Amino acid sequence: MIKLDNIDFFYGHKSILQNISLSVDQGEFVCLLGESGCGKSTLLRLIAGLNRPREGTITIDGNPVNGPEKKCAVVFQDYSLFPWMSTLDNLVLAIKSAFPDKSAPAVRVLGRSYLELVGLGTAANKYPAQLSGGMRQRAAIARALAIDPEILLLDEPFGALDPLNRAILQDLLLTLWRDPAKKRTVVFVTHDVEEAIYLGSRLVVLSSSPGRIIADRRLDKDPALNRQQLFETLEIKALHQQLIDIYRHDVLQKLEFRSLQDDGGGI
Amino acid sequence: MLHLKKATFFFRILLPGALPSICTGASLALVLSFLLLTAAELIGATSGLGWYVKNFSDFADFPRVIAGIIFIGIVITVITSVTDRIERRLLRHLEADHD
């Protein structure tokens, strides 16, 4: 379980996150939504232990996060594969660091099996530069899964992909998350409302800078529904509109505040 | 999250990551050092290619001066092509763009 308690974060003097409290249960698929620059990625980095909050505490299974967290695997938008290693070697390095006792052949077999899981069995010996964007992102997801993390943190992983690849990888991610043997927790950052609704079991909306939680909705979706069927249900249509309204209201409030500041009306 | 040993981190991540900059710096430094060496030899040396060109220009032996200049050019061309090949070999992963 991930628990964030009254988190405040600043870059210099600029407040990025304000009073964030959130509990994520094991097996949840939480989508962090918000406009660009609202602090979603910062929140993800705080959970991963890549940054530290100025105020508040973050715990994973009751243990405070004080540095890069072993239980977490992170997938970034820009893939973050090492360009000088083949796709398989990228996985091998991660697996070796997670399971130092495994023999070299076993590590390679495990790496290959994860590449095959994401449909990259034939690209094992290719460099990342020889792969398309979608293939690179699949490799990054395979690397994250290969270390068998309890928590998967994804920072707009499909943001730079074309719609077809994006849909394929979204379905792949859902299939992997639904694997009953693993029961992984996923925290997924996106600014795409439809993507969040399609993937998430819980949606957390952050306000524009400084980021505060302005909505937290749990979704009860029928996993048998495909994408089209899901977005045709009345509940999802209503939720979609609700989230858009929350976004709009937040942006309008911000604009109003700015115009008050500009013309001195607030004095 | 990768938790690597220091040696693994250095040899598998830091060094290969810095290699493009190291290669660029090394090839620039090599050519520049040869040019400066030759220039220094023009002033105060008693041997070397720079001295060869300066010495024979003092005696107005222009065929040898031209031969010296051409030889300097050949040496620099060989050095740059060799370092270029080494660089391409070391950084072959950067030449494999898919798009």
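# A tour from strand 9 outwards

Select strand 9 (residues 202–206) of chain A, where four of the five residues are buried, so that the strand is largely enclosed by the rest of the structure. Keep in mind throughout that this is a predicted model.

**The neighbours of strand 9**

Add strand 3 (residues 29–33) of chain A to the selection: strand 3 and strand 9 of chain A pair in the parallel sense, over four bridges. To see one of the paired positions, pick Leu33(A), whose bridge partner in strand 9 of chain A is Val205(A). Then add strand 10 (residues 213–218) of chain A, which runs antiparallel to strand 9 of chain A and is joined to that strand by five bridges. Here a useful pair to display is Leu206(A) with its bridge partner in strand 10 of chain A, Ile213(A). If you follow the backbone from strand 9 to strand 10 of chain A, you pass through a hairpin whose connection has six residues. With both kinds of pairing on screen, it may help to recall that strands of a sheet pair through backbone hydrogen bonds, either parallel or antiparallel.

**The whole sheet**

Now widen the selection to the sheet in chain A, which is open, has six strands in the order 6-7-8-3-9-10, and is mixed in its pairing. Its edges are strand 6 (72–75) and strand 10 of chain A, each of which pairs on one side only. Looking across the sheet, you will find a twist that averages 15° from one strand to the next. Move to the edge formed by strand 6 of chain A, which pairs with strand 7 (residues 151–155) of chain A in the parallel sense, again through bridges, four in number. Within that pairing, Val75(A) stands opposite Leu154(A) of strand 7 of chain A.

**Helix 4 and what it meets**

Keep strands 6 and 7 of chain A displayed and add helix 4 of chain A, which lies across both strands and runs at about 175° to strand 6 of chain A. Which residues of helix 2 of chain A meet helix 4 of chain A? On the side of helix 2 they are Thr87(A), Asn90(A), Leu91(A), Ala94(A) and Ile95(A), and on the side of helix 4 they face Ala139(A), Ala142(A), Arg143(A) and Ala146(A). This contact divides into six nonpolar, two polar and one charged residue. For the geometry, fit axes to helix 2 (residues 87–98) and helix 4 of chain A: they come within 9 Å and cross at roughly 25°. That angle makes helix 2 of chain A roughly parallel to helix 4 of chain A, and helix 2 passes helix 4 in a right-handed crossing.

Next, hide helix 2 of chain A and show helix 3 (residues 104–117) of chain A, which packs against helix 4 (residues 133–146) of chain A at an angle of about 130°, with the axes 9 Å apart. Helix 3 and helix 4 of chain A are therefore oblique to each other, and this crossing is right-handed. The contact is made by Leu110(A), Gly111(A), Tyr114(A), Leu115(A) and Leu117(A) from helix 3 of chain A, together with Ala142(A), Leu145(A) and Ala146(A) from helix 4 of chain A. Of these residues seven are nonpolar, one is polar and none is charged.

**Two loop residues with positive phi**

From strand 7 of chain A, step into the loop that leads to helix 5 (163–177) of chain A and select Glu156(A). Its phi is near 40°, a positive value in a residue other than glycine. Is Glu156(A) buried or exposed? Glu156(A) counts as buried, because 21 C-beta neighbours lie inside 10 Å. Then go to the loop between helix 5 and strand 8 (185–190) of chain A, where Lys183(A) is found. Lys183(A) also has a positive phi without being glycine, here near 50°, but with 12 C-beta neighbours inside 10 Å this residue counts as exposed.

**Helix 1, and then chain B**

Select helix 1 (residues 40–48) of chain A, in which seven of the nine residues are buried, so that the helix is largely enclosed by the rest of the structure. The buried residues are Lys40(A), Thr42(A), Leu43(A), Leu44(A), Leu46(A), Ile47(A) and Ala48(A). Just after helix 1 of chain A comes Gly49(A), with a positive phi near 85°.

Finally, bring chain B into view, where 12 residues are in contact with 18 residues of chain A. The side of chain B that touches chain A divides into seven nonpolar, three polar and two charged residues.

Methods: Residues numbered from 1 in each chain as written. Chains lettered and ligands numbered in written order. Predicted model: local features only at pLDDT ≥ 70, side-chain atom pairs only at ≥ 80, totals over all residues. Buried ≥ 20, exposed ≤ 12 C-beta atoms within 10 Å, placed from the backbone. Contact = placed C-beta atoms within 7 Å. Nonpolar A, V, L, I, M, F, W, Y, C, P; charged D, E, K, R; others polar. Axes fitted to C-alpha atoms, helices over the stretch in contact; angles between N-to-C directions. Parallel < 35°, antiparallel > 145°, perpendicular 65-115°, else oblique. Left-handed = near helix turned anticlockwise from the far one by under 90°. Pairing = 2+ DSSP bridges.
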